[in-house]
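Some questions and answers about one protein model follow, written for a student in the first year. Please look at the structure before reading on.

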Amino acid sequence: MTLPFYRAHEDPGPSFTEVLRRSGRAQSWDDLPRDSRIEAPHGTTVVAIRYADGVVMAGDRRATSGNLIAHRTMEKVFPADRHSGVAIAGAAGPAVEMVKLFQLQLEHYEKVENAELSLEGKANQLAQMVRSHLPAAMQGFVVVPLFAGYDTRRGRGRLFEYDVTGGRYEEQDFAATGSGSLHAGTVVKIGFRRDLDRADTLDLAINALFQAADEDSATGGPDPVRGIYPLIATITAAGFERVPDDEVAERFRALVDRLAVTASTTTAKTVSGGDAR
């Protein structure tokens, strides 16, 4: 492979996707058969929650192909650069490739311009990638990401969600996407407060994914036997940081213990009420 060279008036600028397009290496979905369906693994569910110090992003680890579990340890939360992250839902292969291209685009821009792209610019760039993926989405390879980061200019966390056409929407407090997003989003909506700290926000994200897995078969819950737990990361002024698996496991055990106590208390009250009658 040789590097492309351009004359001054042909300079593609800081856009890595434009470099790919001009060199003829941009991915094309036009040649895919439109009358056949490929059972590609799909990944869900992911959530993003804003809190005082930044944003928490979390995603389960299951990928499904039809009614089969294709992967149990898929990663759906990735760093985009130092102060932002992206979480994926939808067709697993194209989603991961989109994330890799997005990471390269941000790195390429920073090297060419010697400056980090603004958080708004990063969100817009991802929206263009989702929009350019629309032909594949029309053939069943839908990719719908979440994007979040710490805005160093505004000094707070921000988060964005997208639709399949590349529409970009900034959310104030939380966002969720994937097959379990309805259940996860409901849990977050009920438990969200503007004064949440890191610990409370992690517990809220964990509870959201747990409840989504309880209602949605495509969402994977905690698997203590295999040591598989959702992937969670925080994005603050200090940057993107993955929450250690040990901490996630401990918080899940605490959640299960609380739910067990609640269930036993409810059962005891029901039995006591029945005896009284």
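The turns below go from the whole protein to its sheets, its helices and one residue.

Me: How many helices and strands are there in the protein?
Reply: The model is a predicted one. Of its 277 residues, 45% count as buried. Its secondary structure consists of seven helices and 14 strands.

Me: What share of the contacts with a separation of 6 or more comes from residues 24 or more positions apart?
Reply: The count takes in contacts in the protein between residues with a separation of 6 or more. Within that set, the part due to residues 24 or more positions apart is 64%.

Me: Which strands stand at the edges of the sheet with the order 12-2-3-13-14?
Reply: This sheet is open, has five strands and is paired antiparallel. An edge strand has a single partner strand, so one side of it is left without a neighbour in the sheet. From one strand to the next, the twist averages 15°. The edge strands are strand 12 (174-177) and strand 14.

Me: Which residue is the bridge partner of Arg50 in strand 3?
Reply: Strand 2 (residues 46-51) and strand 3 run antiparallel and are joined by six bridges. Arg50 is paired in strand 3 with Val55.

Me: Which residue of strand 13 does Val56 stand opposite?
Reply: Strand 3 (residues 54-59) also runs antiparallel to strand 13, with six bridges between them. Across this pairing, Val56 faces Thr234.

Me: Which residues of strand 13 point the other way from Leu231, Ala233 and Ile235?
Reply: In a regular strand, side chains alternate between the two faces of the sheet. Strand 13 (residues 231-236) has six of its six residues buried. Leu231, Ala233 and Ile235 point one way, so the other way is left to Ile232, Thr234 and Thr236.

Me: How many residues lie between strand 13 and strand 14 in their hairpin?
Reply: Strand 13 and strand 14 (residues 239-242) run antiparallel and are joined by four bridges. Thr236 has Gly239 as its bridge partner in strand 14. The number of residues between the two strands of the hairpin is two.

Me: Which strands stand at the edges of the sheet in the order 6-7-9-10-11?
Reply: Here too five strands form an open sheet, with antiparallel pairing. The twist in this sheet averages 25° from one strand to the next. Each edge strand has a single partner strand, so one of its sides has no neighbour in the sheet; these are strand 6 (77-81) and strand 11 (168-171).

Me: Which residue in strand 7 does Asp81 stand opposite?
Reply: Strand 6 is joined to strand 7 (residues 84-87) by four bridges, and the two run antiparallel. Opposite Asp81 in strand 7 is Ser84.

Me: At about what angle does helix 3 run to strand 10?
Reply: Helix 2 (residues 92-113) lies across strand 6, strand 7 and strand 9 (146-151), at about 20° to strand 6. Helix 3 lies across strand 6, strand 7, strand 9, strand 10 (156-162) and strand 11. Its angle to strand 10 is about 15°.

Me: What should the 14 residues of helix 3 span at 1.5 Å a residue?
Reply: Among the buried residues of helix 3 (residues 119-132) are Leu119, Leu126 and Val130. The end C-alpha atoms of helix 3 are 20 Å apart, which agrees with the expected span of 20 Å.

Me: At about what angle do helix 5 and helix 6 pack?
Reply: The residues that meet include Val187 and Val188 in helix 5, and Leu204 and Ala208 in helix 6. The contact residues divide into six nonpolar, four polar and one charged. The crossing is right-handed. Helix 5 (residues 181-191) and helix 6 (residues 198-215) have axes 8 Å apart and an angle of about 145°.

Me: Is Val248 buried or exposed?
Reply: Val248 lies in helix 7 (residues 245-276). Beyond its neighbours within four places in sequence, Val248 is in contact with Ile206, Tyr229, Pro230, Ile232 and Val243. Buried means under 20% relative accessible area. Val248 has a value of 2%, so it is buried.

Technical notes:
Residues are numbered from 1 along each chain as its sequence is written. This is a predicted model: local features need pLDDT of at least 70, side-chain atom pairs count only at pLDDT 80 or more; totals for chains, interfaces and linings use all residues. Side-chain values use heavy atoms; hydrogens and water are left out. Buried means under 20% relative accessible area, exposed over 50%, partly exposed in between (1.4 Å probe, protein chains only). Two strands pair if DSSP finds at least two bridges between them. Axes are lines fitted to C-alpha atoms, for helices over the stretch in contact, and angles run from 0 to 180 degrees between N-to-C directions. A crossing is left-handed if the near helix is turned anticlockwise from the far one by less than a right angle, and right-handed if clockwise. Contact means heavy atoms within 4.5 Å. Ala, Val, Leu, Ile, Met, Phe, Trp, Tyr, Cys and Pro count as nonpolar, Asp, Glu, Lys and Arg as charged, and the others, Gly among them, as polar. The expected span of a helix is 1.5 Å times one less than its number of residues.
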